[in-house]
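Trainee: I have a sequence and a model on the screen. Please show me how to read them.

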Amino acid sequence: MATKSIINNIVITEPSAAEMLINALEKAAKTAENATQNHIEYDDVKSEDIKSFLGAFVK
């Protein structure tokens, strides 16, 4: 994603375009407020576990 456009100023000359931008920003903010984060459970894997796992395929 291009990041240079973030630091550039934009000029909106039409009121309808300004309203569309405001609506999009408000919708994005509301979506971000309602977003849930999925909790993913995991286990730490030790090097010994990896070696024994891969060793099972080598035999």
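Mentor: We go from the whole chain to its helices and then to a surface patch. Keep in mind that this is a predicted model.

Trainee: Which helices and strands are there in the protein?

Mentor: The protein has two helices and zero strands.

Trainee: How many of the 59 residues count as buried?

Mentor: Buried means under 20% relative accessible area. Here 0% of the 59 residues meet that mark. The accessible surface is about 6400 Å², with 58% of that belonging to carbon and sulfur atoms.

Trainee: What span does helix H1 reach?

Mentor: H1 takes in residues 15-34 and reaches 29 Å from its first C-alpha to its last, close to the expected 28 Å. Zero of its 20 residues are buried, so H1 lies largely in the open.

Trainee: Which residues make the nonpolar surface patch?

Mentor: Val45, Ile50, Phe53, Leu54 and Phe57 make this patch of about 540 Å². Phe53 sits in helix H2, residues 47-58. Phe53 counts as exposed because its relative accessibility is 52%, and exposed means over 50%.

Trainee: Why can residues three or four places apart point the same way?

Mentor: An α-helix has 3.6 residues a turn, so such residues point the same way.

Technical notes
Residues are numbered from 1 along each chain as its sequence is written. This is a predicted model: local features need pLDDT of at least 70, side-chain atom pairs count only at pLDDT 80 or more; totals for chains, interfaces and linings use all residues. Side-chain values use heavy atoms; hydrogens and water are left out. Patches are made of residues with over 30% relative accessible area and no salt bridge: like charges are joined within 9 Å, nonpolar side chains (Val, Leu, Ile, Met, Phe, Trp, Tyr) within 5 Å. Accessible areas come from the Shrake-Rupley method with a 1.4 Å probe; for residues, only the protein chains shown count as cover. A salt bridge is a side-chain nitrogen of Lys or Arg within 4 Å of a carboxyl oxygen of Asp or Glu. Helices (H or I, at least four residues) and strands (E, at least two) are DSSP runs, numbered from the N terminus. Buried means under 20% relative accessible area, exposed over 50%, partly exposed in between (1.4 Å probe, protein chains only). The expected span of a helix is 1.5 Å times one less than its number of residues.
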